[in-house]
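Colleague: I have a model open and would like to learn how to read it. Can we go feature by feature?

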Amino acid sequence: MVTKEFAVKIDTELSNWHDKRWTVTSQILDAEDSIEFYVKNYPSRVEKIQKRIAELKEEKAKIQAEINKLDAIYNQDPWTRAFLVINSNGHVHSSMDCNTCFATTRYNWLIQYSNDDENTIVEDAGQDACTICYPSAPAEVLNRPSRIVTADKVAKAKAKAERDAKREAKLAKEKANAPTKSGDFLYFKEGKYTYSINTERSAVSKWFELQWRIKEKVTTHYYDGTPHSAESIIEQEQKIAQNKEIADIICKNLAEKNGVSFDQQLKILETKYQKRSA
């Protein structure tokens with residue numbers, strides 16, 4: 001009696017050989033289609049193409065010999081199989097000889113169902129089960145979505161999980177490096193532009209940058225001695241005050257994140273600034 005393990009082993013080998021045969025057959029067809037083009041345009045290359053076709057046909061014959069050996073094993077004591085047609089609405093078939101398919105039809109060999117009970121296959125195939133291959137499939141089963149998971153679905157799910165994991169890791173890193181306790185970024189508006197501070201390091205750098213701006217003195221005259229307008233002086237004062245406010249917001253958020261008081265955080269920043277300026 002055929003075991004599940006044996007059936008899966010044989011069908012895995014057969015599936016690989018069928019994939020190779022499909023690839024070689026496609027290469028033969030492509031080469032044969034190109035012959036006419038080379039005859040008209042590059043006749044000197046025709047012999048090389050013909051030689052390549054002969055090599056591919058020889059390779060295909062060897063592949064077919066391996067398939068025949070494994071088919072002979074299967075034919076001695078056949079077991080159940082399942083094949084999913086590769087297209088957007090492909091059905092699950094019990095063989096590759098269904099009269100609803102064509103010689104050019106390509107299949108995804110569902111090796112996980114080799115030697116399984118037919119009811120199990122139909123139950124999982126649901127609405128994708130071919131009614132020609134499985135005429136006794138219950139109507140309620142045929143109205144249910146398929147539960148079959150193919151290798152490409154597994155690969156896609158794995159790729160999606162990896163992408164999600166990378167995105168989550170990136171978000172976690174951003175939150176850990178953010179300049180706030182909540183993990184959010186800091187946003188500030190300067191004139192028509194809005195900029196963000198995304199990391200604790202960039203927050204410290206911005207605080208350093210603001211120090212010399214805060215310490216700037218309001219100028220009342222231009223270099224040539226011409227006095228500034230009252231509006232210009234007010235604008236300078238407002239800019240200095242705005243820079244002081246931004247520096248304080250940065251310090252406040254860093255203090256909350258680091259679990260210290262505003263004054264303690266300010267002292268830390270001032271010490272670092274003095275060392276940097278020295």
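Modeller: Start where helix α7 stops. This is a predicted model. Just after α7, G259 takes a positive phi of about 70°.

Colleague: Which residue that is not a glycine has a positive phi?

Modeller: First the general idea. Most residues other than glycine have a negative phi. Here, N115 has a positive phi of about 70° although it is not a glycine. N115 sits in the loop between β3 and α3.

Colleague: Is N115 buried, partly exposed or exposed?

Modeller: N115 has a relative accessible area of 26%, so it counts as partly exposed. The cut-off for buried is under 20%.

Colleague: Back to α7. What span should its 29 residues have?

Modeller: Take 1.5 Å a residue. Helix α7 covers residues 230-258 and should span 42 Å. Its end C-alpha atoms are 42 Å apart, which agrees.

Colleague: Which residues of α7 are buried?

Modeller: Keep the helix repeat in mind. An α-helix has 3.6 residues a turn, so residues three or four places apart point the same way. In α7 the buried residues include I240, N243, I246, A247, I250, C251 and L254. S232, N253 and A255 are buried as well.

Colleague: What do the buried residues of α7 pack against?

Modeller: Two strands and two helices. The strands are β4 (186-190) and β5 (193-197). The helices are α6 (200-214) and α8 (262-277).

Colleague: Now the empty space. What volume does the largest pocket have?

Modeller: Rolling a probe the size of a water molecule over the atoms shows where empty space is left. In this model the largest pocket has a volume of about 880 Å³. Its lining counts 35 residues. H18, R21, M96, T105 and Y107 lie nearest the centre.

Colleague: Which element gives the most to that lining?

Modeller: Helix α1 does, with nine residues. α1 (4-41), α2 (46-76), β3 and α3 (118-125) each supply at least two.

Colleague: Where does H18 lie, and what is it in contact with?

Modeller: H18 belongs to helix α1. At 17% relative accessibility, H18 counts as buried. Leave aside its neighbours within four places in sequence, and H18 is in contact with I67, M96 and W109.

Colleague: On to the rings. How many aromatic pairs does the structure hold?

Modeller: The structure holds eleven. One of them joins F37 and Y42. That pair is tilted, at 5.9 Å centre to centre with 55° between the planes. F37 is partly exposed, with a relative accessible area of 45%. Y42 is also partly exposed, at 38%.

Colleague: How are the planes of F83 and Y107 set?

Modeller: Edge-to-face, with 70° between them and 6.1 Å centre to centre. F83 lies in strand β1 (residues 83-85) and Y107 in strand β3 (residues 107-109), so the pair ties together parts that are 24 residues apart in sequence. Both F83 and Y107 are buried. Y107 is also among the residues nearest the centre of the largest pocket.

Colleague: Which rings are linked into a cluster?

Modeller: Ring pairs join F6, Y74 and W79. Y74 has a further partner: R81 lies over its face, at 3.6 Å from the ring centre.

Colleague: What lies over the face of W17?

Modeller: K20 does, at 4.5 Å from the ring centre.

Conventions:
Residues are numbered from 1 along each chain as its sequence is written. This is a predicted model: local features need pLDDT of at least 70, side-chain atom pairs count only at pLDDT 80 or more; totals for chains, interfaces and linings use all residues. Side-chain values use heavy atoms; hydrogens and water are left out. Rings of Phe, Tyr and Trp (its six-membered ring) pair if their centres lie within 6.5 Å; planes under 30 degrees apart count as stacked, over 60 as edge-to-face and the rest as tilted. Buried means under 20% relative accessible area, exposed over 50%, partly exposed in between (1.4 Å probe, protein chains only). Helices (H or I, at least four residues) and strands (E, at least two) are DSSP runs, numbered from the N terminus. A charge sits over a ring if NZ of Lys or CZ of Arg is within 6 Å of the ring centre and within 35 degrees of the ring normal. The expected span of a helix is 1.5 Å times one less than its number of residues. Contact means heavy atoms within 4.5 Å. On a 1 Å grid over the protein atoms alone, a cavity is a set of points where a 1.4 Å probe fits but cannot get out, and a pocket is an open set with protein on both sides within 12 Å along at least five of seven lines; lining residues have an atom within 4 Å of a point. Grid points are joined across faces, edges and corners, and a volume is the space filled by probe spheres set on the points.
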